[in-house]
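Hi there,

Here is the structure I promised to pass on to you. Please have it open while you read, and my notes on it follow straight after.

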Amino acid sequence: METSKDTIIDHALAALAGGALGDALGMPTQLLSPKQIAESYGNVDDFVAPTEDHPVSKGLPPGAITDDTEQTLLLGSVLLDSSGGFDHALWIKALVDWEEDIRARGGYDLLGPSTKRAIDAINRGVAPGEAGRYGDTNGAAMRVAPVGIMLPPTQELIAMVAETCRSTHNTTIAISAAVAVATMVSCGVAGMKWRDAIPVALDACRTAESEGSWVAGGRVSARIAWALSLAEKATSSAERRALFDLVGTSVASQESVPAAFAVLALADGNCWQAAVIAANLGGDTDTIGAIACSMAGACGGYESLPADKIGKLVGFDLNKAKNLATALADRRLSHMRAHEVRDG
Ligand SMILES: [Mg+2]
């Protein structure tokens with residue numbers, strides 16, 4: 001089955017807009033504990049303003065997107081501007097400029113730990129591949145959706161994800177986590193449902209575990225499979241809580257990415273339900289939400305997203321996202337034509 005251009009663009013835009021929904025719903029709850037979330041907001045099921053003393057989200061309006069969506073769109077434009085392969089210098093400059101812009105806007109939600117460390121190293125003269133040597137947190141996975149839009153789920157997707165991770169997250173854990181997410185998005189853009197995409201993503205994730213520098217930590221493919229098996233069995237709210245207590249919701253890729261897959265499964269692929277589950281988890285709620293909802297959007301298509309909630313997003317330009325989705329879809333189609341890949 002060959003996927004039509006319209007379907008590719010529709011699911012690509014849904015991956016971007018879905019990610020923005022999960023990001024914005026989790027914006028006021030990120031970094032907090034489940035108890036602090038309940039005390040500050042009750043159960044979060046719609047966009048709310050962060051508390052005045054929130055460490056990084058204070059001052060943002062309800063529905064505001066954060067670094068997850070902004071860096072996703074940024075990576076998308078760098079992919080388009082890279083002529084052949086991936087332009088690392090352009091990418092690093094884009095990240096540095098982005099952080100300066102956040103500071104200028106009075107924001108507190110700056111570059112994450114791996115990206116920050118890598119850029120500091122590059123500024124000291126360390127080569128990009130070496131700078132990302134210890135980057136194992138979830139920054140690569142949170143912004144990887146455009147790569148999954150641009151390429152069909154083949155070995156070339158794995159290679160391109162690894163390339164985009166090279167400067168900041170050049171580790172087995174971060175690359176395999178990003179590959180798992182990108183493959184889900186790529187399968188969704190090809191018209192696959194989330195359940196059918198899971199085995200493809202797990203295979204790609206396993207393959208990617210030989211990319212980058214080895215760092216100690218739970219194996220991502222095994223942990224995603226484990227989180228999904230726990231989600232299948234978790235029927236009560238206590239069992240769901242126990243699931244996330246075990247899997248973890250920190251910025252560690254091997255926690256938050258398996259958690260995002262569990263969220264997707266518990267929501268049965270429904271984007272808004274996934275956003276609500278993620279926003280109340282505690283820990284890296286916005287990133288888990290962004291990842292889960294990007295995968296849900298890609299697999300469900302634009303119609304599956306709540307239009308009223310997209311209309312309330314702050315900082316997300318739907319037309320700009322559509323242009324990006326269209327340009328990435330064009331790249332995907334030329335790639336498929338060039339390689340005669342039958343997608344879908
Ligand atoms: Mg964020």
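Ser221 is part of helix H12, which covers residues 220-233; helices here are DSSP runs of H or I with at least four residues, numbered from the N terminus. At 2% relative accessibility, Ser221 counts as buried, a word that stands for under 20% relative accessible area, with exposed for over 50% and partly exposed for in between (1.4 Å probe, protein chains only). Leaving out residues up to four places away in sequence, Ser221 touches Leu202, Cys205, Arg206 and Glu209, where contact means heavy atoms within 4.5 Å.

Before going further, a word on where the values come from. This is a predicted model, in which local features need pLDDT of at least 70 and side-chain atom pairs count only at pLDDT 80 or more, while totals for chains, interfaces and linings use all residues. Residues are numbered from 1 along each chain as its sequence is written, and side-chain values use heavy atoms, with hydrogens and water left out.

Ile224 has contacts with Ala180, Leu202, Cys205, Val257, Pro258 and Phe261, not counting its neighbours within four places in sequence. Ile224 also stands out in the largest nonpolar core, which has 118 residues: together with Val161, Met184, Leu243, Phe261, Val263 and Leu313, it touches the most other members. Such a core is a set of buried Ala, Val, Leu, Ile, Met, Phe, Trp, Tyr and Cys residues joined through side-chain atoms within 4.5 Å.

Now to the metal. Which residues coordinate the magnesium ion? They are Thr66 (OG1), Asp67 (OD), Asp68 (OD) and Asp286 (OD), at 2.0 to 2.4 Å. Donors are N, O and S atoms within 2.8 Å of the metal (3.2 Å for Na, K and Ca), and sites may look incomplete because water is not among the atoms. Along the sequence, the donor residues follow the spacing T-D-D-x217-D. Distant parts of the chain are linked here, since Asp67 sits in helix H3 and Asp286 in helix H16 (residues 285-300), 219 residues apart. Asp67 counts as buried at 9% relative accessibility, and Asp286 is buried with a relative accessible area of 0%.

You will also find two aromatic pairs in the structure. The rings of Phe47 and Trp272 are edge-to-face because their planes stand at 85 degrees, with the centres 5.6 Å apart. (Rings of Phe, Tyr and Trp, the last by its six-membered ring, pair if their centres lie within 6.5 Å; planes under 30 degrees apart count as stacked, over 60 as edge-to-face and the rest as tilted.) This pair links the loop between helix H2 (34-41) and H3, which holds Phe47, to helix H15 (residues 271-279), which holds Trp272, 225 residues apart. Phe47 and Trp272 are both buried. Phe86 and Trp91 are also edge-to-face, at 6.2 Å centre to centre and 65 degrees between the planes, and both of these residues are buried.

Last comes helix H18. Its 22 residues (318-339) should span 32 Å at 1.5 Å a residue, and the end C-alpha atoms are 31 Å apart, which agrees; the expected span is 1.5 Å times one less than the number of residues. Its buried residues include Ala321, Leu324, Leu328 and Met336, and among the helices that cover the buried residues of H18 are H1 (5-26) and H10 (172-189). Lys322 lies in H18 too, but is partly exposed, with a relative accessible area of 43%. The C-alpha atoms of Lys322 and Ala12 are separated by 8.4 Å, although their positions lie 310 residues apart along the chain.

Best wishes

Technical notes. Helix = DSSP H or I, 4+ residues; strand = E, 2+ residues; numbered from the N terminus.
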